[in-house]
Amino acid sequence: MELEKIKKKMRSGPVLFSEYKLGEGVKKALQLGRENILFELKDSGLKGRGGAGFPTATKWMLSGASLSDKKFIVCNADEGEPGTFKDRVLLLEYPELVFEGMIIGGYTIGAKEGILYLRGEYEYILKSLEDFLEMLRKDKLLGNNILGNENFSFNITIRLGSGAYVCGEETALIESLEGYRGEPRNRPPYPVNTGYLGHPTVVNNVETLASVPHIILKGGEWFKKHGTDKSTGSKLFSVSGDCDKPGVYELPWGTSIAELLKVVEAKNTKAVQVGGASGICLPKSQFNRVLGYEDAATGGSIIVFNESRNMLKVLKNFMEFFVEESCGQCTPCRIGNIKLLEAIEKIENNDFTFSYINNLKELGRTMQLASKCGLGQSSPNSFISILENFKDEIFGLNGKGKNNG
Amino acid sequence: MLVLEKNALSEEIESLVNQFGKERSALLQILQAIQRKHKHISDFAQQEVARMMEIHPVEVNSVVSFYSFLCTQPKGRNIVRLCQTISCDMAGKEKVEETVQRELGIKFGQTTKDKRITLEFTNCLGMCDQGPAMLVNEKVYTKLDPETAINILNEIK
Amino acid sequence: MVKRENERIPVSQQAHVVDKPKDLTNIGGTVSVQINEKKITVPLGTTILEACQLNQIHIPTLCHHPDLCIAGVCRVCVVEVEKMRTLQTACSFPIMSPIKIKTSTEMVRKARRHIIDLLLSEHYGECYSCFRNGNCELQNLAKEYGVDNYTFGHVQSPRYEVDNSSAAVVRDMNKCVLCKRCVRTCIDFQEVGVLEAIDRGHDTHVGTFLDKPLADVVCINCGQCINRCPTAALRANDPSDEIWTAIDDPKKHVVIQTAPSPRAAIGEEFGQEPGKSFTGELNTALRRIGFDRVFDTNFTADLTIMEEGTELLTRLKKALVDKDQSVKLPQFTSCSPGWVKYIEHFYPEYLDYLSTAKSPQQMFGALIKTFYAKEENIDPADIVTVALMPCAAKKFECNRPEMYDSGFKDVDYGLTTREMAKMIREAGIYLPEMPKSQFDDPFGDASGAGLIFGATGGVMEAALRTAYELITGREVPFENLIIEPCRGFEGVKQASVKLENCVEQYKFLEGVELKFVVAHGTANAKIVMEMLKNGELNDVHFVEVMACPGGCLGGGGQPIPTSAEIRKKRAEAIYEEEATLPIRKSHENTHVTYLYEKFLTDGPCGKLSHKLLHTHYVKRGKYIS
Ligand SMILES: Cc1cc2nc3c(=O)[nH]c(=O)nc-3n(C[C@H](O)[C@H](O)[C@H](O)COP(=O)(O)O)c2cc1C
Ligand code: SF4
Ligand code: SF4
Ligand code: SF4
Ligand code: SF4
Ligand code: FES
Ligand code: FES
């Protein structure tokens, strides 16, 4: 515990990494009541931190409005996007925020059960989380009649994943919880109406939930002061790759890429991948773009590449990831990704025509539009953006393609 | 498989089913428990799970084959999973890979003759700021270089 | 769509199925939508696909099937829905609010074309050497979208080995488009549970338990998966080459028996609307092809009624008069080989409930190589018996080691309706234009009771007509002999008739309420078996089970496509034909009487009939080694 306190001290930030005392969020929430919680949340403008950016207040309201007597709140701790590790930091160092967020969520929507879906790779965190839950129970923050409130009982269980990136997709996660293959469902119906075992279910990212106690405590107005109009508050960025100080940083939304690069002491940067393998790759000329839902959106993954990196190889690594991690149920994604990978191999071997490459970019567009879930809808992002933004490097130097004079 | 072993396994699965429940939503937890203990879920185990949960064996097989951390064939006592995703790749995963293969005399995807170690690749472990990273069973090791990786592997039984 | 009563939807798919209230006008649940330029009103929860179909707007589909729950995986049915970021699948999208839909914008067409291109790029197979040529949904899509080149390349070598292990079903996963219709058929519709998606990502494929050969798993050979597969990835094991060889061999005496269901459906293979029987035309066509004799399986259906009915009466007597506790009642029918294998796998401890009577197909085989051979003075070794069946499981049945009671292989080949149609086409014959002709003697034309075996409830109806009359000396108390409770497509039907004023021999049945249950499709069979297990069938006497939905007319060897509507039409064809026949009770079939007089002289369930017409079963169990 000592060590963790020291670790914690090293972090600082406007919202998540600011001072917080265990239990205060829940206490305040129970005082405020459901209506006011939703009001503050709405006022704060908090949007999902898991990638999709759906307004959290709306999600809670939708499932809160449902009359079902059984509801669930699920914390999505499947953090699998390449280059993302901020949820791990929250779970290890700020579990109180995450769990209190779940408790407040449960109170607000009328759920009695919360489930934290922890990716199998993080099994080593399980013990400390279980211990923490035990402590919360002792402190009456969890269990029957929370903080003496007769009308509110809530429990949290932790369930492990087993190594499948797609299970981070909320409906795949629900399938996985139900004991099936992690294959995303058709939508509509949405989980807020028909989720786990058919009951209304709110699925939120770890970071989203961790923001909630702070918002409840200090108000939506306070939260909004950070960030931009469309992207309120701050964001945890997981920075890795070619920089001297990789790690998790809490910065307000609206920070530009260039500013971020300065903070992490990146030198000779050629490119930045924003949003992990499913995100987009920006060249130097676009480093003035700002991080936020309105511009360069991201679930927090920032991967930095310096001048020495071969962008085609980077792209290949991403596409190999998707070929393996696609759930394989729908055509555009199951076959589309392998076609994009094949194209990369053809470019490597200088065995392609530009019309072929254009066909594949169009295919990428179809995958974005017609895939069943976010995985297939975003896996072509890096393909399209890297081939576009680094075409000189990729096509200029090592040839022009076989049949292109 | 000996009858005795079969009976023991059946009993074990039965107690797991009692512990986690017979509902379909318990399936993954039961499979994870079997995998943790036996390092694989044998065809017999899959059928026993199916029988006790009243689902079809092929459904169990389908689930097992979907998840990277579940498998049907026996593996080594220790499973070493080296991250192959981009940040670790850039941080020197290849060197670790080569050294480890040379040292153990097996390729990734294989198991040492003494069944001590199975080498596998995995995707991003959420340790990208401290790459290269690897999992040894459920424990994570970071900032590997060839030397530390070998030391870690030599430590494990 | 006919819903099975106890339809089970897997939990994973419950969310995908929108509950539609039965009476939509009651709750005022309608919503207006705009599809392309057209404004329409539909019941709340109607899918976009349904709405389009009702309005003559064609949407391509591949993974959708009217018999199965929604999958939404192929993505060829995508349409544009205004204000939505991505395209939506018409088959899965329930209309819950007023929306604007566009079904053929450039975006939509391009996406569909790409998806088809992707499927084709991995499709290893050539249409001209493929049994689905001309009746393949993938081929149709390619045509519809004018595919004239392989935009994304094309596989050069097979990825999967063809699984030829099963006597009934061949799996060639190189032609699979992963629509999972077979999975949904086998797990949800039939509840056998042989097939599922295995592995993940690009490695995903449809497989069996541990990818074992089909012959080694619990497949009951019903062939329902074949009927719902959009491509040739699943097909029946086709013996037509061997049959041609036999026909071409002058030494061989090749006889064929035809079952009623193929006759009521084969027209579909020649472009005819479902719902018309081609019995007479088929007889002529078969002779032209070169079959030496054409017999009617209904003859042995009548015989089955005599044997199975006698067996039932014997069991009843033992139970009621002798108070024999070991007698197993209700007696289950045994004419559906898929059902037989199902019970062998899943309820082996209940095998004694099955009638020991063979199926009509196998009875016929055994008689042809004994009685017929003797009558006609032909060496049975030179006889080749072919059975035209609606069924894939019949192929497995005729290969069972128990089926050599004549001293030879009783039935040499089971041929499906589809394969028969192919042979007819190959012979240059256009079936619908054939003149009609009769069946051959010595078996002649059978009774209508045998004919209705093709529809679910038919065996029961036929059995009741005979049993009731034998027991009471009067015709069944139903107008025109139509026993309504036996008809229709409800999953599990139950009914009873009271036996009064019995003839002397059957006085012990006086006042007994003869209760019977009818089930079709193994999912419903499972329900019945669970009822049996729970003691809910204690007062039931006779149970008819057919493995295929709708009975044999929905068999796994029948023309593709299939749907509840098509099966209904086929049933109508059968019942219509039956109503016109002069003899409609099995015991009045004079050829059957002749057989008992001349050959099976110790009567139904006698010694010889036990040897030739009855069989035993194998306890297979579920365990796959
Ligand atoms: C392929 C895929 C993987 C995803 N992985 C995660 C994940 O690991 N963690 C997460 O919180 N959200 C993930 N998401 C987003 C979730 O589907 C969902 O939008 C999110 O959990 C909602 O929470 P939020 O509103 O708090 O962001 C993923 C989405 C896709 C399509
Ligand atoms: S897009 Fe990919 S991951 Fe998503 S459902 Fe389709 S195949 Fe599965
Ligand atoms: S399955 Fe269809 S597309 Fe494939 S080869 Fe046969 S007819 Fe052609
Ligand atoms: S033949 Fe019947 S039992 Fe066999 S796989 Fe097909 S649907 Fe399943
Ligand atoms: S075998 Fe046929 S029905 Fe089954 S998934 Fe493949 S194409 Fe579809
Ligand atoms: S890339 Fe290796 S841990 Fe993330
Ligand atoms: S038919 Fe709609 S997705 Fe396949």
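**Domains, interfaces and ligand shells in a predicted model**

Q: What makes domain 2 and domain 3 of chain A count as in contact?
A: In this predicted model, 13 residues of domain 2 of chain A touch 13 residues of domain 3 of chain A. Contact requires heavy atoms within 4.5 Å. These residues meet that cut-off, so the two domains are in contact.

Q: How much area is buried between domain 2 and domain 3 of chain A, and which atoms give it?
A: About 970 Å² is buried between the two domains. Carbon and sulfur atoms give 68% of that area. On the domain 2 side, A:Ala277, A:Ser278 and A:Cys281 supply 46% of the area buried against domain 3, more than any other three residues. The C-alpha centres of domain 2 and domain 3 of chain A are 22 Å apart.

Q: Where do the domains of chain A begin and end?
A: Domain 1 covers 3-8 + 19-224, domain 2 covers 234-306 and domain 3 covers 311-397.

Q: Why should residues 401-405 of chain A not be read in detail?
A: pLDDT stays under 50 over residues 401-405 of chain A. Where pLDDT is low, predicted coordinates should not be read in detail. The model has 10 contacts beyond four places in sequence for this stretch. Chain A as a whole averages a pLDDT of 94, with 96% of the residues scoring at least 70.

Q: Why is the link from the side chain of A:Asn149 to the backbone nitrogen of A:Asn151 called a polar contact?
A: The side chain of A:Asn149 reaches that nitrogen at 2.9 Å. A polar contact needs a pair of N or O atoms within 3.5 Å, so 2.9 Å is inside the cut-off.

Q: Where does A:Asn149 lie, and in which loop?
A: A:Asn149 is in the loop between α7 (123-138) and β3 (155-160) of chain A. Beyond its neighbours within four places in sequence, A:Asn149 is in contact with A:Leu30 and A:Tyr107.

Q: What is the class make-up of the shell around ligand 2?
A: The shell has 7 nonpolar, 5 polar and 1 charged residues. Ligand 2 is surrounded by 13 residues, and the closest are A:Cys327, A:Cys330, A:Cys333, A:Cys373 and A:Gly376. Cys counts as nonpolar and Gly as polar, so the four cysteines named there fall in the nonpolar class and A:Gly376 in the polar class.

Q: What makes the shell around ligand 4 9 nonpolar and 2 polar, with no charged residues?
A: The residues around ligand 4 include C:Val169, C:Cys186, C:Leu195 and C:Ile220, along with C:Asn221 and C:Gly223. Val, Cys, Leu and Ile count as nonpolar, while Asn and Gly count as polar, so C:Asn221 and C:Gly223 belong to the polar class.

Q: How many residues does the contact take from chain C and from chain B?
A: Chain C gives 19 residues and chain B gives 16. About 1,500 Å² is buried between the chains, with 57% from carbon and sulfur atoms. C:Arg200, C:Phe209 and C:Tyr623 supply 39% of the area chain C buries against chain B, more than any other three residues.

Q: How is chain C divided, and into which domains?
A: Domain 1 is 240-299 + 361-433, and domain 2 is 304-359 + 446-613. Their contact takes 40 residues from domain 1 of chain C and 39 residues from domain 2 of chain C. The area buried between them is about 3,200 Å².

Q: How many helices and strands does chain B have?
A: Chain B has 7 helices and 4 strands. Its domain 1 (3-66) and domain 2 (78-155) have C-alpha centres 29 Å apart.

Note on methods
Residues are numbered from 1 along each chain as its sequence is written. Chains are lettered from A and ligands numbered from 1 in the order in which they are written. This is a predicted model: local features need pLDDT of at least 70, side-chain atom pairs count only at pLDDT 80 or more; totals for chains, interfaces and linings use all residues. Side-chain values use heavy atoms; hydrogens and water are left out. Helices (H or I, at least four residues) and strands (E, at least two) are DSSP runs, numbered from the N terminus. A polar contact is a pair of N or O atoms within 3.5 Å; within protein, one must be able to donate a hydrogen and the other to accept it, and residues adjacent in sequence count only if both atoms are side-chain atoms. A residue is near a molecule or strand if one of its heavy atoms lies within 4 Å of it. Domain bounds come from an automatic or database domain assignment. pLDDT is the predictor's confidence in each residue, from 0 to 100. Buried area is the accessible area (1.4 Å probe) that two parts lose on being put together, summed over both.
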